[in-house]
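Biologist: Could you put the model up, so that we can talk through how it is put together?

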Amino acid sequence: MKFIQKFFEDTKPYVQKGAKYHWLHSVHDGMFTLFFVQKNTSKSGSHIHDFIDLKRTMGIVVLALIPALLMGMYNTGYQHFAAVGELASASFWQIFFYGFLRVLPFIMVSYIVGLGIEFVFAQLRGHEIQEGFLVSGILIPLIMPINTPLWMVAISTAFAVVFVKEVFGGTGMNIWNPALVARAFLFFAYPSQMSGDSVWVSLGGQKAIDGFSGATPMAEAAAGHPNIDIWNSFIGLIPGSIGETSTLAILIGAAILVITGIGSWKIIVSTFAGGAAMGLLLNTFAGNNLYMALPFWEHFIIGGFAFGAVFMATDPVSGTQTEKGKWIYGFLIGVLAIMIRVVNPAYPEGMMLAILLMNTFAPLIDHYIVEGSIKKRMKRVKVKA
Amino acid sequence: MSKVINLKRGLNIRLKGDAEKVFGTSIEADKVALKPTDFPGLIPKLLVKTGQEVKAGEPIFFDKYNPEIIFTAPTSGQVVEINRGERRKILEVIIKADGRNESISFSKADPKSLSPEEIKEHLLKSGLWPFIKQRPYGSLAKPSQAPKHIFISCFDSAPLAPDYEFLFNGQASFLQSGIHALAKLTSGKVHLGINPAQATGIFSGLKNVEINQFSGAHPAGNVGVQIHQISPINKGEIVWTITPQGLVFIGKLFETGKIDFSKNIALTGSEVTSPKYIKTLHGANLEKILKGATQKAGNERIISGNVLTGTKVAEDNFLGFFDSQITVIPEGDKYEFMGWANPGFNKFTASKTFFSKLFPKKSYVLDANLHGGERAFVLSGQYEKYVPMDILPVYLLKAILANDIDKMEQLGIYEIVEEDLALCEYACTSKIKVQEIVRQGLDLMMKELG
């Protein structure tokens with residue numbers, strides 16, 4: 001490893017301010033810090049610092065996303081072979097490899113576009129490359145339908161990184177979750193490519209078998225005839241956005257986030273609680289509306305509910321920052337997601353909008369919690385007086 | 001009777017290098033120093049010149065804004081150096097000890113029979129007043145004000161901190177006289193904070209005080225935390241704090257009529273060959289203490305105080321005014337290949353992201369490396385876990401960064417000083433300089449509101 005260190009140390013003078021390759025400074029710095037934790041030591045305050053940094057934090061989130069990513073790749077292949085009627089003759093590796101090749105370009109496009117912009121902004125602003133996009137870059141492909149054209153992935157990523165993150169000041173400053181905004185951007189800008197029955201299953205130029213519909217279980221439920229294959233929905237062998245179909249894989253990710261303490265278990269639990277509450281409420285008014293009568297837990301295994309609750313709602317930057325606020329925030333996400341899903345026929349998936357809406361209100365929730373703390377302190381003075 | 005308060009929030013950082021409970025050979029300091037930088041907000045005005053002979057208790061400098069507060073020589077000898085930093089700011093006044101430790105004589109007295117004014121005068125003249133700090137701000141107490149209460153924490157919960165029961169063994173009568181003296185200066189009470197292990201120790205036997213027990217991890221021993229639990233500071237209120245070491249010095253003054261600044265300290269840290277306790281002098285030169293005591297395996301960081309709140313000092317520098325501990329840890333100015341991706345079996349962490357979490361008993365060598373780059377606030381809920389007070393640390397820090405005085409006040413800046421949020425700085429993923437920010441806020445409040 002010495003030679004890599006030597007390389008970075010030797011090249012450092014060339015990217016300093018005023019040197020010939022200063023425009024590569026952020027790239028040099030980004031790569032150097034990726035390979036080596038720097039030798040900077042504490043200058044003021046505490047002499048010791050925890051080993052955790054933002055790279056490790058983001059690394060763990062990426063790790064937690066891997067099961068969903070792998071299941072998404074497998075499912076992409078699975079849906080393909082099922083649609084063209086060759087499932088019985090395809091081997092496990094054939095299925096996975098098909099999905100792998102289809103999903104990989106999404107990830108590459110998202111990382112190249114997103115990180116490219118990050119590098120440019122870091123260079124312009126003169127700060128270090130921030131790690132936030134490591135997670136966003138993998139979240140974005142996972143919430144896209146498999147047939148989304150790559151140029152759309154590129155545009156939405158660029159939109160999200162520039163207008164949702166960088167204009168606010170970069171990682172830690174954004175109001176909305178960048179990955180979700182990328183999805184919302186496409187959803188409203190190119191509705192026909194983002195919904196309907198033809199976007200979820202990659203046919204790869206082959207002809208689908210007779211009777212193939214390609215509709216997601218959610219679309220069918222919204223159309224009034226819910227027909228949920230519980231086991232396949234849980235495992236993730238249903239049509240849907242790339243990474244959000246497998247509730248099992250998402251739960252593995254949730255376990256990683258909760259055990260390491262990186263994701264807030266309070267938000268995850270309260271989101272599911274909110275979803276359950278709304279599901280139960282709708283049940284009581286269901287009448288002969290079959291979607292409203294759907295048992296609440298079946299909502300959790302279809303669509304993006306679980307994925308959103310575990311990986312999107314828990315974003316510490318765009319969510320609430322106070323501990324009490326997290327309960328309220330999560331609960332309302334759950335309630336709104338199911339409400340939009342079931343009651344509003346224009347939007348088949350409520351999770352995305354519910355989280356973006358609550359991102360918007362998170363500072364308000366926090367404001368009241370903070371005011372509460374202030375009032376308590378002021379009351380202490382009054383009691384004294 | 002004594003209250004027991006259980007503090008659930010906090011963290012004990014398990015470092016290697018705890019001091020063994022024995023005294024090493026006592027070290028006669030050849031040089032001692034007074035460092036004005038130990039006192040936030042102090043502008044010193046010198047009263048001595050280089051070359052001047054002084055006795056212990058003779059004035060060296062005073063506070064420009066509170067001229068009655070003087071700082072006196074810790075031992076007898078000759079003023080040999082006055083070191084200045086940027087803009088001629090006085091960093092340290094160094095006295096070469098003559099080894100006789102002669103003191104000016106003050107009158108002996110039983111503090112119980114003295115009036116508050118007489119006690120104040122005694123403390124001010126002898127230079128023991130600066131041991132009394134005030135809250136808010138953690139600055140020098142003002143003799144003209146009367147505090148609501150006086151708080152004394154009788155244990156130090158910081159990493160590798162000395163055991164006060166051992167440190168002050170045999171000094172109970174001095175502690176008691178010190179308490180009698182201070183009790184005259186407040187209309188409220190003198191509160192002592194002890195931990196459950198001290199229920200039958202030196203401190204639990206002291207009279208004329210209210211004793212409260214605090215159990216829990218660090219920062220349970222921080223006096224700020226104890227104040228918050230017993231009688232939180234509201235706007236306009238003032239409380240005083242003092243360390244047991246300060247009490248001992250005050251007690252000695254009243255009992256013997258002399259200034260005797262000899263004290264016990266702990267020499268700790270992973271780089272110290274055999275960590276133990278040492279008898280030395282207030283403000284003593286570290287060079288003599290550290291000679292041959294460390295392993296010299298690589299670059300070392302020498303800290304006067306503990307790893308969370310202490311001051312980085314050079315080997316030839318001096319013990320800080322309020323410190324009873326020296327810690328030596330590796331500097332850690334080395335690159336670490338892919339450090340952020342390391343499974344971390346031997347990386348102690350407050351988070352749950354390293355495998356070291358599986359070994360809850362092991363102690364570790366930690367260095368002064370930052371272990372990551374500085375970032376904006378990203379994670380939430382991280383700081384609260386280490387602050388056993390009803391305070392929202394991140395919101396308070398943001399108010400300070402925004403110079404918003406009203407908000408700082410509302411969010412409780414009067415109740416904290418740097419040390420109370422030191423653990424947040426240790427645990428912070430974004431490597432935010434928490435203590436520096438807190439000081440910045442306190443300085444602003446001091447400047448604006450006095």
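Modeller: Before we start, residues count as in contact if their C-beta atoms, placed from the backbone, lie within 7 Å. This is a predicted model, where local features need pLDDT of at least 70 and side-chain atom pairs pLDDT 80 or more, while totals for chains, interfaces and linings use all residues. Residues are numbered from 1 along each chain as written, and chains are lettered from A and ligands numbered from 1 in written order.

Biologist: OK, how many residues does each chain put into the contact?

Modeller: Chain A contributes 49 residues and chain B contributes 61.

Biologist: And which element of chain A gives the most there?

Modeller: That is α16(A), with seven residues, and the elements supplying at least two each include α2 (25-35), α11 (247-260) and α16 (351-384) of chain A; helices here are DSSP runs (H or I, at least four residues).

Biologist: Switching topic, how do α12 and α14 of chain A pack?

Modeller: Helix α12 (residues 265-284) of chain A and helix α14 (residues 305-312) of chain A meet at about 150°, their axes, fitted to C-alpha atoms, being 9 Å apart. The pair is therefore roughly antiparallel (angles over 145 degrees, on a scale from 0 to 180).

Biologist: Which residues make that contact?

Modeller: From α12(A) they are I268(A), T271(A), F272(A) and G275(A), and from α14(A) they are F305(A), A309(A) and V310(A).

Biologist: And in chain B, what does C424(B) touch?

Modeller: Setting aside neighbours within four places in sequence, C424(B) is in contact with Y383(B), Y386(B), V387(B), P393(B) and V434(B).

How values were computed:
Parallel < 35°, antiparallel > 145°, perpendicular 65-115°, else oblique. Contact = placed C-beta atoms within 7 Å.
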